[in-house]
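Student: Please show me the structure, and then explain the labels attached to its residues.

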Amino acid sequence: MEILVYIISDADGVGISRLASNTMQKFDIDYKEKTFTNIRTNDDLSTILYQINTNNSQKIIFNSLNDPDHNKFLNDFSNKTDILSIDYTSYSLNKISDFLGVEPVEGLAEDDYRIVHHYKRLDALDFAIKYDDGRDFKGLKYCDICIIGVSRSSKTPLSVYLASIGYKVINVPILLESRVPRELFEIDSKKIFGLTLDKNRLQKIRKERLKSINLSSNSNYSDIGHIEKELDFANKLMEDLDCQIIDVTYKSIEEISEYIISSIENIN
């Protein structure tokens with residue numbers, strides 16, 4: 001019987017796609033693969049699942065769906081059909097082997113946790129890049145960690161570092177001239193971490209940044225008065241959100257990450 005493997009994700013699905021390929025290579029069988037990514041609505045997902053269910057081939061769905069509604073929709077579909085649905089939480093090489101009725105090629109079996117964690121990190125990095133610097137606030141309701149702060153407060157390097165460990169991180173810039181996304185007030189404040197730092201240190205960092213891109217340092221961006229207003233506005237917002245505030249003035253990315261991870265793990 002023909003084996004069809006489907007990749008479904010509401011992001012770019014880099015990690016889950018590679019996990020699917022790595023897994024299927026462990027079995028000495030031919031299969032066809034089709035990918036559906038950046039799914040936005042249940043209607044989109046419904047159309048895809050209807051398409052998947054139109055033939056009698058043996059089918060496996062590898063998915064990395066962040067939206068709980070999407071997950072429930074897919075799980076309900078899987079329970080009503082003879083289609084195996086696999087995500088990072090439910091991944092098991094033995095389960096896939098039982099479903100296919102084929103043993104993995106000798107010597108290619110690996111520890112489930114190790115392999116899943118590796119590809120989960122890829123998806124977390126994909127997530128961090130997709131939602132970097134407030135590009136899309138929709139990611140707020142799916143994130144493990146939300147980092148907020150003014151420009152040059154280490155939001156992006158911190159996000160990438162945490163993502164490399166496996167956390168889905170979104171970072172949101174706080175700007176005097178821009179509205180605060182309402183979505184920030186709709187998520188658990190315990191997942192939000194506000195970064196602040198000494199105004200003089202921030203001014204020095206911003207002047208170095210302007211110099212590195214050949215721009216004049218005589219601008220609002222590096223003006224100490226403007227920086228004070230930004231920091232005051234940011235700190236007031238952080239207090240309104242009731243989030244944890246971290247002074248990153250002389251802290252390394254590793255130190256800040258360790259504190260955030262400890263806080264997040266205590267929530268769970």
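The exchange below takes up salt bridges and exposure labels.

Tutor: This is a predicted model, in which local features need pLDDT of at least 70 and side-chain atom pairs count only at pLDDT 80 or more, while totals for chains, interfaces and linings use all residues. Residues are numbered from 1 along each chain as its sequence is written, and side-chain values use heavy atoms, with hydrogens and water left out.

Student: What makes Asp 67 and Lys 141 a salt bridge?

Tutor: A salt bridge needs a side-chain nitrogen of Lys or Arg within 4 Å of a carboxyl oxygen of Asp or Glu. For Asp 67 and Lys 141 the N to O distance is 3.9 Å, so the pair meets the definition.

Student: Why is Asp 67 called buried?

Tutor: Buried means under 20% relative accessible area, exposed over 50%, and partly exposed in between (1.4 Å probe, protein chains only). Asp 67 has 7% relative accessibility, so the label is buried.

Student: Is Lys 141 buried or exposed?

Tutor: Lys 141 has a relative accessible area of 55%, and is therefore exposed.

Student: What makes Arg 206 and Glu 230 a salt bridge?

Tutor: Their side chains meet at 2.6 Å, N to O, so the cut-off for a salt bridge is satisfied. Arg 206 is in helix 7 and Glu 230 in helix 8, so the pair ties together parts 24 residues apart in sequence. Helices are DSSP runs (H or I, at least four residues), numbered from the N terminus.

Student: Why is Phe 185 called partly exposed?

Tutor: The relative accessible area of Phe 185 is 48%, so the label is partly exposed.

Conventions. Helix = DSSP H or I, 4+ residues; strand = E, 2+ residues; numbered from the N terminus.
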